[in-house]
Amino acid sequence: VNARLSDLVAPPASKWLGTVTGRADVLQTFKIGKGVGMVAGCKVTEGAMKRGSNLRVVRGKQVMHEGSINELRYLKEQVEVVEAGSECGISFETFDGVKEGDVIECYVGGGGADADDGGGEDDSD
């Protein structure tokens, strides 16, 4: 599985990929007003897309962007989760370069230098 995943995604050398919790294919893109920006019309193919989740936009074997989901919509309503088999609209916090044919992956873990900030300190004493 790891060999197959590394064939599909070439992450920055300094970053661990994390655990993918959902994948969606970008079917179409839309430019929406001043406040929203670019929206990706997607079909969730695996797992689920969750609002606020970490995501990466993959084009071919290259990671084009890493960030988080700003807004997630299903049938024009803002939702928290969209499951596999459904279509949705995804907007990004700081990225307008998504294109038709890209793959959006939601993930947990991974990241660069700030990924191990000691987030589990509340049980230390």
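Student: What percentage of the 125 residues of the chain count as buried?

Tutor: This is a predicted model, in which local features need pLDDT of at least 70, side-chain atom pairs count only at pLDDT 80 or more, and totals for chains, interfaces and linings use all residues. Residues are numbered from 1 along each chain as its sequence is written, and side-chain values use heavy atoms, with hydrogens and water left out. Buried means under 20% relative accessible area, exposed over 50%, and partly exposed in between (1.4 Å probe, protein chains only). On that basis, the buried share of the chain is 34%.

Student: Which element gives the most residues to the largest nonpolar core?

Tutor: A nonpolar core is a set of buried Ala, Val, Leu, Ile, Met, Phe, Trp, Tyr and Cys residues joined through side-chain atoms within 4.5 Å. The largest one has 20 residues, and Cys42, Met49 and Leu72 are among those with the most contacts inside it. Elements giving two or more residues to this core include β1 (19-32), β2 (37-50) and β8 (103-108). With five residues, the element that gives the most is β2.

Student: Is glycine 67 buried, partly exposed or exposed, and why?

Tutor: Glycine 67 lies in strand β4 (residues 62-74), strands being DSSP runs of E with at least two residues, numbered from the N terminus. Beyond four places in sequence, glycine 67 touches Ser53, Asn54 and Leu55, where contact means heavy atoms within 4.5 Å. Because its relative accessibility is 23%, glycine 67 counts as partly exposed.

Note on methods. Helices (H or I, at least four residues) and strands (E, at least two) are DSSP runs, numbered from the N terminus.
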